[in-house]
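Me: I'm new to this one. Can you walk me through a few spots?
Reply: Sure, here it is.
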Amino acid sequence: MTQGNSTEVTEFFLLGFGIQHQFRYVLFTVFLVIYVTSMVGNIGMILLIKTDPRLQTPMYFFLQHLAFVDICYTSVITPKMLQNFIVKNTSISFRGCVVQLLVYATFATSDCYLLAAMAVDRYVAICNPLHYPIVMSRRVCIQLVAGSYVLGSVNASVHTGFTFSLSFCKSNNINHYFDVPPILALSCSSININVMLLVIFVGFNLMFTVLIIIFSYICIMAAIIKTSSTTGRKKAFSTCTSHLTAVTIFYGTLAYMYLQPHSDDSQDNMKVASMFYSIVIPMLNPLIYSLRNKEVKEALKVMGKKFF
């Protein structure tokens, strides 16, 4: 921080977890394994979908972009966290903090909309199978993915612009590994507008995507119940289990983050939930879609025979 007529923050210090200095090597090892697993799984998923002709469908087109988004937003957070476990200087420059928030918020928001687009894809595939190739055409899929990125960029630009237009003079120690509310807590300006924007944008993004997913699965369940064939029911349900599992974990974590009552331990709980959301979920997604998906498992077997 530089002193003058006013105090200007030129860098922040990420405090992370309270126990990180005591168990830093253990935490470094654990999160390094998680990050490497996430990178290998998501990159592998992208390459598998690109190379296997059986996976050239709308569902896997969306899954490919979901893997890309997971790579991007976990890579914004995890390397810096790993560095902070093993070095004493846990600082991040003001510009670095701006870029980190912009990229993280863009891809984290895009993740929500991609999951919603995947729910719509499953709805059309099960409830309107005859028109599926027409409704979910390549053009429509590209538009849905592009819309996810655009909405993510708009959301991130608004939050980043308003957050870093504030004056920071209380401290430059962020009591987190990274998130918007801990940054706002350092401001000596009024944050009423920022809080209002957080409530409006986060509330809209979550409610809109959740409602799309709920509506899609209500229609899917109704269609499955109407199916007379037991085999048909199992086949229809099996196409949704991977996505439904990913959605449950993703939105379950967000619900825990935003709906838990305020308490003395709530800040530490928020850190753990944010860490799970930002670092662990990107590792779980490729595992969920590979272990619970017949087509992906078959594609992996074919690829395995080529190389081994």
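Me: Which helices each supply at least two residues of the lining of the second largest pocket?
Reply: This is a predicted model, to be clear. The helices are α2, α8 (230–259) and α10 (294–307).
Me: Which helix gives the most to that lining?
Reply: α8 does, with four residues.
Me: And how many residues line the second largest pocket, and which are closest to its centre?
Reply: The lining has 14 residues. Closest to the centre are Met 59, Tyr 60, Ser 238, Thr 239 and Glu 295. The space in this pocket is about 340 Å³.
Me: What is the lining like by class?
Reply: Six residues are charged, five are polar and three are nonpolar.
Me: New topic. At what angle do α1 and α2 pack?
Reply: About 160 degrees, with the axes 9 Å apart. Angles over 145 degrees count as roughly antiparallel, so α1 is roughly antiparallel to α2.
Me: What sort of residues make up that contact, by class?
Reply: The contact of α1 with α2 has 21 nonpolar, six polar and three charged residues.
Me: Is the crossing left-handed or right-handed?
Reply: α1 passes α2 in a left-handed crossing.
Me: Where is Pro 53?
Reply: Pro 53 sits in the loop between α1 and α2.
Me: Why does Pro 53 count as exposed?
Reply: Its relative accessibility is 67%, and exposed means over 50%.
Me: How far apart are Pro 53 and Ala 299?
Reply: In sequence, 246 residues. In space, Pro 53 and Ala 299 are 9.3 Å apart, C-alpha to C-alpha.

Note on methods. Residues are numbered from 1 along each chain as its sequence is written. This is a predicted model: local features need pLDDT of at least 70, side-chain atom pairs count only at pLDDT 80 or more; totals for chains, interfaces and linings use all residues. Side-chain values use heavy atoms; hydrogens and water are left out. Axes are lines fitted to C-alpha atoms, for helices over the stretch in contact, and angles run from 0 to 180 degrees between N-to-C directions. Angles under 35 degrees count as roughly parallel, over 145 as roughly antiparallel, 65 to 115 as roughly perpendicular and the rest as oblique. A crossing is left-handed if the near helix is turned anticlockwise from the far one by less than a right angle, and right-handed if clockwise. Ala, Val, Leu, Ile, Met, Phe, Trp, Tyr, Cys and Pro count as nonpolar, Asp, Glu, Lys and Arg as charged, and the others, Gly among them, as polar. Buried means under 20% relative accessible area, exposed over 50%, partly exposed in between (1.4 Å probe, protein chains only). On a 1 Å grid over the protein atoms alone, a cavity is a set of points where a 1.4 Å probe fits but cannot get out, and a pocket is an open set with protein on both sides within 12 Å along at least five of seven lines; lining residues have an atom within 4 Å of a point. Grid points are joined across faces, edges and corners, and a volume is the space filled by probe spheres set on the points.
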